[in-house]
Each structure stands twice: as C-alpha cells, then as structure tokens.
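Here is a quick walk through one protein model, going from a single helix out to the chain as a whole. Have a look at the structure first.

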Amino acid sequence: MANQVKSDKDYSQYFQPPSLTDAKKRGKEEIAVHYDFHIPEDMQGFGKDKYYLIRTYGCQMNEHDTEVMRGLLEQMGYQTTEDKYQADVILLNTCAIRENAEDKVFGELGHLKALKAQKPGLVLGVCGCMSQEEAVVNRIMQKHAFVDLIFGTHNIHRLPALLKDAFYNKEMVVEVWSKEGDIVENLPKKREGIRAWVNIMFGCDKFCTYCIVPYTRGKERSRRPQDVLAEVRDLARQGFQEITLLGQNVNAYGKDFEDITYSFANLMDDIRKIDVPRVRFTTSHPRDFDDDLIEVLGQGGNLVEHIHLPVQSGNTEVLKRMSRKYSRDHYLQLARKIKATMPDVVLTTDIIVGFPGETDEQFDETMSLYEEVGFDFAFTFIYSPREGTPAAGMEDNVPMEVKKQRLYRLNELVNAHSKASNEKLLGETVEVLVEGESKNNADVLAGRTRTNKLIHFTGSKELIGQMIDVKVTHAQTWILKGEIVPKPMKLSI
C-alpha cells in the first residue's frame, strides 16, 4: 500500500451508495442474532507495532461504537495514539444529526489530505452516520479520493476484513449497507474509566420529519434480554460505577420481540436488582414512556432520579408537523405523572426553535411549557434542514434572525431555570461519583450527582472512581461547588 497511487475514477460507477429510499423501507425481515464473532486468524497480529487514532463526533451511541472499534483494533494488535503523525490508521466516526457536524468532518478531511500525501501507507477511513448518507458517500468518493475506507453503522463488526482490503487495495474500499444488519454479540470493547455505555437496541422507527437517524441507524432491533443483563452483570463485576443504557428510543425496547413479552420496564426492573451503583438511560421518546416504566423508576435504588425526555416543541401543531406523535397536553400529563411518582426527579429535554411554519405564538407555547414542566436544563437548537428528510421539503420560512432571537430568549430561560434549580441545593449534602480532575484546574476534583449535575470540590486524587458525600456551598448556572463531608468513623468494640 505504501506505493499505491489512487486513480481518478468516478467511484460512484463502481459502488452502490447507501439509499435513503431503501433505508426507509421497514420490512418484516427477521433479525438474526450472532454469537460466534471472532477476529479472523490472519488479522489477529495485523496491527503489531502499529498505531490507531479514532476521532469521534456526535452522541453516546457513536462513543459506544468507538469503544467497539477500539476493541477490534486492539485485538488485532494495534495500539492507541492521539498523535496523528504516529497513527497508521485514522478513523473519523461521524455524526449526521446536523449540518455543522458534517462540516467539521469535511474540514478535518481537508487537514488530513496533506498528511496522507506525506504518509501514503496511512489508512484513512470515514465511518458512522455520515457514511449512511448517499450524498456524503458520493461526495467523498468523487472529491476526497485520498480516503481509503468508508463503512457504515450496520457493519462495524466487518472492520478487520475491511481494513485488510483497504491496506492491500489500490482503490477505495466502500461497504455501506442501506438497511440494517443483524445483531452481532460478543464484540470486543475497549472501555475506560468508571462509566460504561450499554446498547440495548439499535435503530428508530419514529421518522420525525426533521431527523436523519432512522435512515442512518435502520429499523428498531432490540438485543435479547439475557444478553443485555449478562453484559450489565459483567460490568458490575468489573467495578463500573455507572451504566448508561443506550438506544435511539429506549422506551421502544422489546416491542419487536415476537416470541416473548418483555418491555423496557421489565428490563429496568431486572437491572435494578444488579449490584451496580447507578443506572441511567437515554434517549426516551414521550410517546412510548408508559406507566409501567414510571412505576419501576419510582422504586429508586440504583435507578437515578434523572430523565432526559426530548419535547422539541411546546405547540401541538408544530409537534404534528414534526411527526412527534404526541400533543402538548400528552407531554404535560406525562411530566406530571413522572413527578408524582418521583418527587425528586430532574427532567431535561431537547428543543428545536424555528421549525418550518413556527409562529411567534407557537414559540411562546414552547416557552410556557418549559416553565410549566420546570425543566432543569435543555439542549437547544436552531432548526436546519437535513437532506433526505421530509422537513427538508418544507418551506424553511422562519428568517434566521428570528430563529436566533428565539434561541436567545429560550437560552435565557434555560439559564435562569438551571441556576434556580442549583440554588435549591445550597446547604444540601449530595451523593457524588468522583469522575476525575476538573478540566480547568488539576487541583480540583469533578463529579456528578445522581441527577447528573456537575460539582467541583477539593480532595485527594485517590477519591477518583468512588462515591462520596459532598455538601453544596456555591451554586452557579452550570456548576455546583462543595466540600467533602467526612464519613463517620466506625468504632471498634
């Protein structure tokens, strides 16, 4: 590969790019579960004395996919590096949720072009959600021919074989499946730290009109309960302090099972009995958040009092255009139910401003819903169209200046609520999982409460990875500050 010269071919003639039309088809094809994964024998030492670097963009699902790729590469003998000049393999694990996420990746490819020219033996790959978009794949194949490898979200387990092809092939290796694949268990994962992510399902069937995810991640497929529970038990044995269950819509877990009746509430109830200190989940869809789940979460224990529940808009008409499949009243009723069962719950959300057709009055309903629910925090976004989604065909008729003004007003409200919520904790003692040093001050430790609030305090580095009690002494908009509460000494008799 060191001497390879890329041709000027139009690669789109030779490869079938992913098709959003095909990806939208939701057939009844049975999803097989494979337990026999192994690294091919001829690839087990392939990475000896070589280094890899993975740049990850986007959500926790992408972070988890990176953990799998790290596991695969290290079983092949590769070592990790953060130095792009040392790396023999560089993978960009991409996000497609917003246009600026794609812009970052193409900007990074521009920077890596010179490195590829200096180091022809470098294998440069693009994977993740962007790779599931036909326009993106065509653009890479035609304008970034120095890329060696493109693969999608459904065939990560094929990385060893694809890497081998890319290393020996004189032309770009492209393997992107438009439709979802089977579920492959027993993939190696390289996890670090005290928190672990566990995929419980893949894909999404909701087809919100603004969202590309159902196309890039495929239809909803749930892992078998015994496989999820076995992974969580193993992580508990390894000493992980916090586990986050992942899915594009975790509340839909189990709805695709035809041989058993087993829901997300059942799964949470079983995980509640496993000896791991904290369990979180993301992301929830309000339509599938049922009473059984609320009842289970209300039992507490290792199930934390924080729920991220994206609302997107506070107006029923806008929600209908978004195809969210619930109304303002339904969301408010759900929030009331959750708070009645979990009085200490912290609710956070996602909100899009300036969706096509959103009027000032409709935006005001989003503001009033925020007040009524009493969210602690929100991720807020200006609407931008994603090619291939139904909303991209709608008239984007809210001027950008209006969108920015609405975002500013909303963020002012978010900030005020966040600070008020933090101030309520002044003088309280909270349980904190110590995560590490503060990003800005190595002499200060940082951790998170059960409700996912960030808190800074001084203490020994030996506390990292432990649960401790901290008394809140200062409350800022985004950060709490506190002092460690010494544990009472046990008297020996």
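Helix α3 has a kink of about 30 degrees, centred on Leu112; the bend at a residue is the angle between axes fitted to the seven residues ending there and the seven starting there. Keep in mind that this is a predicted model, where local features need pLDDT of at least 70, side-chain atom pairs count only at pLDDT 80 or more, and totals for chains, interfaces and linings use all residues. Residues are numbered from 1 along each chain as its sequence is written, and side-chain values use heavy atoms, with hydrogens and water left out.

Helices (H or I, at least four residues) and strands (E, at least two) are DSSP runs, numbered from the N terminus. The end C-alpha atoms of α3 (residues 99-118, 20 residues) sit 30 Å apart, which agrees with the 28 Å expected at 1.5 Å a residue; that expected span is 1.5 Å times one less than the number of residues.

Leu112 is also one of the buried residues of α3, along with Ala101, Phe106 and Leu109, among others. Buried means under 20% relative accessible area, exposed over 50%, and partly exposed in between (1.4 Å probe, protein chains only). What covers the buried residues of α3 includes the elements below, with contact meaning heavy atoms within 4.5 Å.

| Element covering α3 | Residues |
|---|---|
| β2 | 51-56 |
| β4 | 89-94 |
| β5 | 123-128 |
| α4 | 134-143 |

Elsewhere, there is an open sheet of 3 strands in the order β14-β15-β16, with parallel pairing. Its edge strands, β14 (306-308) and β16 (377-382), each pair on one side only. Two strands pair if DSSP finds at least two bridges between them; β15 (residues 346-353) and β16 have 6. One bridge joins Ile351 to Thr380 in β16. Helix α12 (residues 360-373) lies across β15 and β16, running at about 175 degrees to β15. For that angle, axes are lines fitted to C-alpha atoms, for helices over the stretch in contact, and angles run from 0 to 180 degrees between N-to-C directions.

Now the whole chain: how many helices and strands does it have? The protein chain has 13 helices and 21 strands. Of its 493 residues, 53% count as buried. Its C-alpha trace spans about 70 × 65 × 50 Å along the principal axes. Among contacts between residues at least 6 apart in sequence, 76% join residues at least 24 apart.
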